[in-house]
Amino acid sequence: MKLDQLRAFIAVVETGSFRSAADSIHKTQPGISAAVKALEEQYGIQLFDRNSYRPTLTTEGHAFFQQSKKLMSQVLQLENLGHDLAQGTEAPLHISLSQMGLDDDCMTRIKAFQNQYPDIALDITTDHLHGIQEKLAKNKCEIAIGPRYGLDDRHAFIQLNKISMITVISPSLLSNLNANDTKIKQQSLYAVPQILVTNTAENSPENGHRYILPTGKRWYVNDFLAKKAMLLHGLGWARMPKHCIQAELDNGQLIPIEVENFTSHNQLPIFMIRLRHQTQSYQANLFWEMMKSFSPFTGSDL
């Protein structure tokens with residue numbers, strides 16, 4: 001088995017045809033066919049059902065494809081590391097952080113890591129909901145920190161801390177609801193936009209949100225800063241990480257509310273996450289172990 005053969009096989013699966021695969025990796029179509037045939041002959045299996053218009057993976061082909069993708073991901077990491085070492089530089093550690101998890105606890109941990117390892121460059125992006133797991137799946141980061149959305153047996157994860165989520169509204173908007181009960185009825189909020197941060201994942205079931213009213217207006221923004229600005233101006237109601245709005249709660253600019261038959265308040269666990277099959281860099285292993293040493297939930301490493 002050769003890497004060029006695997007690249008040809010993967011290209012056929014991802015592009016849907018031998019001709020498109022040849023164009024995508026700059027090989028001839030006969031060369032692509034020969035590479036796939038060599039793999040089939042070496043292992044005595046049929047990777048594609050060629051009776052249909054387009055090549056379709058067999059059961060064996062599907063299993064072979066999954067492992068091929070994992071192997072090629074590791075090869076790419078090794079190639080990138082080799083180029084970086086040849087240039088005398090280390091690749092940065094790529095981390096995806098959930099927007100809702102950027103509390104003092106998270107920032108303190110990252111600062112402590114940077115103080116202890118000042119020569120390790122960090123490339124940090126922020127995402128929301130399934131976006132952080134998608135970054136891992138697409139090998140755009142090595143470690144993610146966020147809630148447990150979309151995690152399964154492909155992931156290793158450990159709980160770092162918990163954040164408080166709270167449902168709030170501006171006093172002016174609350175007065176317009178004429179809410180006299182302890183809990184606000186859902187129907188009272190149907191005409192008031194529920195403000196949500198857009199799920200940053202490109203491929204996710206529906207919009208990825210768990211805590212939404214089944215009926216009513218919904219407005220979407222790109223981040224929690226915009227969400228808070230809209231709340232302060234009385235443009236809607238929302239669930240927010242408490243650490244993001246503590247000052248506004250203290251001075252009365254935002255008021256907590258209880259909505260009937262709705263999770264108005266809860267504690268949301270925040271996890272450090274990585275892919276089990278992904279070969280971790282030296283920097284990633286240092287980061288993982290140091291963050292883990294801070295955590296009171298060290299027994300949660302799965």
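Tutor: Let's start with a definition: Ala, Val, Leu, Ile, Met, Phe, Trp, Tyr, Cys and Pro count as nonpolar, Asp, Glu, Lys and Arg as charged, and the others, Gly among them, as polar. We are looking at a predicted model, where local features need pLDDT of at least 70, side-chain atom pairs count only at pLDDT 80 or more, and totals for chains, interfaces and linings use all residues. Residues are numbered from 1 along each chain as its sequence is written, and side-chain values use heavy atoms, leaving out hydrogens and water.

Student: What makes the lining of the second largest cavity divide into nonpolar, polar and charged residues?

Tutor: Its lining is Leu189, Val192, Gln194, Leu213, Thr215, Gly216, Lys217, Arg218 and Trp237. Leu, Val and Trp are on the nonpolar list, Lys and Arg on the charged one, and Gly is polar. The division is therefore four nonpolar, three polar and two charged.

Student: Why is this space called a cavity?

Tutor: Because on a 1 Å grid over the protein atoms alone, a cavity is a set of points where a 1.4 Å probe fits but cannot get out; lining residues have an atom within 4 Å of a point. The second largest has a volume of about 30 Å³, volume being the space filled by probe spheres set on the points, which are joined across faces, edges and corners.

Student: How many cavities of 30 Å³ or more are there?

Tutor: Two. The largest cavity holds about 170 Å³ of space. Of its 16 lining residues, Met100, Met165, His209, Tyr211 and Arg239 are the closest to its centre. By class, this lining has 10 nonpolar, three polar and three charged residues.

Methods: On a 1 Å grid over the protein atoms alone, a cavity is a set of points where a 1.4 Å probe fits but cannot get out, and a pocket is an open set with protein on both sides within 12 Å along at least five of seven lines; lining residues have an atom within 4 Å of a point.
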